[in-house]
Amino acid sequence: MELNQLLGRIVDEVAPLRGSGVVADYIPALARVDPAHFGIAIADLEGRVRGVGDWQVPFSVQSISKVFTLALVLAGSDEALWRRVGREPSGNAFNSLIQLEHERGIPRNPFINAGALTVTDELISQVGDATGELLAFLRTESGNPDLRVDAEVSASEAAHADRNLALTHFMASYGNMRNPVATVLDQYVRQCSIELSCRDLALAGRFLAAHGVRRDGSELLTRSQAKRVNAIMLTCGTYDAAGDFAYRVGIPGKSGVGGGILAIVPGRCAIAVWSPGLDARGNSVAGVAALDHFTTLTGWSIF
């Protein structure tokens, strides 16, 4: 099926779901986003990108940023991180304190909040300005020099970050935090508050489809490292719904409560979808459905 025809069919298939679910109202700045938005973009290995719907409208990337901070940390020091964070699905809420206490301050994986805070702490230790490093990477890979942190979303999240603050302090109490808690939390919140469109996100994530190779042909990750990031996306990338996502969609994906999802077809393309209405587990209702239709129509599931 030709790509434009494919995208048009996906838009038609998910039309009844646009506006379904609820926006992330626990972050006030996100609560005002229209849940009826929908966009999807596909970037191939050569960097060509096509999209439909609201695919060029910027949105808050939220937890999808964790994919990129993880990749940047692994590019700098692979094994150091894995002494501080695990690689197993959590099966619990993404901001669970109970699991972190049970496992003595070692987060279950890099994509739950505690794990992502640890990754941010590691990136600060490597480069100093973790958010600046992330922004520079995203701007280069997307070809969009205007990408920025949304100051309103950042301030809104910082004002409602008590649980993340508790997680960071708890890990610090076990010696699993190298930088000041306030610094780590500030950098983490700012990373989650970066705005990207589906176009930007698909292009920025293309290196994972290209086995770790960046836009300019240089290697960010080895083929083995890229494989492992994709594996963690598949098993841990959609909160405690990763099993259902693998069952329905069948490719690596990372969601964010802004309604975005980055999905990877290794060796083929990166897909970004955005629709702000979330299900009970924090994943985009229309976004997951769109990716389900995509892999069904193309046959590009990894299974």
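Which residues point one way from S7, and which the other way? Hold that thought for a moment while I set the scene.

What we have here is a predicted model, where local features need pLDDT of at least 70, side-chain atom pairs count only at pLDDT 80 or more, and totals for chains, interfaces and linings use all residues. Residues are numbered from 1 along each chain as its sequence is written, and side-chain values use heavy atoms, with hydrogens and water left out.

Labels next. When I say helix or strand, I mean a DSSP run numbered from the N terminus: H or I with at least four residues for helices, E with at least two for strands. Two strands pair if DSSP finds at least two bridges between them.

Okay, back to S7, which covers residues 260-265. Gly-260, Leu-262 and Ile-264 point one way, while Ile-261, Ala-263 and Val-265 point the other way, and all are buried. Buried here is under 20% relative accessible area, exposed is over 50%, and partly exposed is in between, with a 1.4 Å probe and protein chains only. Since six of the six residues of S7 are buried, the strand is largely enclosed by the rest of the structure. As a reminder, in a regular strand the side chains alternate between the two faces of the sheet.

So where does S7 sit? It belongs to an open sheet of five strands, in the order S2-S1-S8-S7-S6, with antiparallel pairing. S2 and S6 are at the edges with a single partner strand each, so one side of each has no neighbour in the sheet. From one strand to the next, the twist averages 10 degrees; angles like that run from 0 to 180 degrees between N-to-C directions, and axes are lines fitted to C-alpha atoms, for helices over the stretch in contact.

Let's walk across that sheet, starting at the S6 edge. S6 is residues 253-255, and it pairs with S7 in the antiparallel sense over three bridges. If you want to check the register, Gly-253 stands opposite Ala-263, and Lys-254 has Leu-262 as its bridge partner. The two strands form a hairpin with four residues between them, and Gly-259 in the turn has a positive phi of about 100 degrees.

On the other side, six bridges join S7 to S8, residues 269-274, again antiparallel. Val-265 stands opposite Cys-269 there. That's a hairpin too, with three residues between the strands, and Gly-267 takes a positive phi near 80 degrees.

Keep going and S8 meets S1, with six bridges and antiparallel strands. S1 is residues 39-44, and six of its six residues are buried. Gly-39, Ala-41 and Ala-43 lie on one side, with Ile-40, Ile-42 and Asp-44 on the other. Ile-40 is a handy marker: it stands opposite Val-273 in S8 and opposite Val-52 in S2. S1 and S2 (residues 49-53) pair antiparallel over five bridges. They form a hairpin with four residues between them, where Gly-47 in the turn has a positive phi of about 90 degrees.

There's another sheet to mention. Three strands form an open sheet in the order S3-S5-S4, with antiparallel pairing. The edge strands are S3 (59-60) and S4 (148-149), each pairing on one side only. S3 and S5, residues 194-196, pair over two bridges, and Phe-59 stands opposite Leu-196.

Now, helices. H1 (residues 3-14) and H15 (residues 285-298) pack at about 135 degrees, with their axes 9 Å apart. That makes them oblique, because angles under 35 degrees count as roughly parallel, over 145 as roughly antiparallel, 65 to 115 as roughly perpendicular, and the rest as oblique. The crossing is right-handed, meaning the near helix is turned clockwise from the far one by less than a right angle; anticlockwise would be left-handed. Contact means heavy atoms within 4.5 Å, and the residues making it include Leu-6 and Ile-10 of H1 and Phe-294 and Leu-297 of H15. By class, that contact divides into eight nonpolar, two polar and two charged residues. For the classes, Ala, Val, Leu, Ile, Met, Phe, Trp, Tyr, Cys and Pro are nonpolar, Asp, Glu, Lys and Arg are charged, and the others, Gly among them, are polar.

Last pair: H3 (residues 65-76) and H13 (residues 223-236) pack at about 150 degrees, axes 11 Å apart. H3 and H13 are therefore roughly antiparallel, and their crossing is right-handed. Val-67, Leu-70 and Leu-74 in H3 meet Gln-225, Val-229 and Met-233 in H13. That contact has five nonpolar, one polar and no charged residues.
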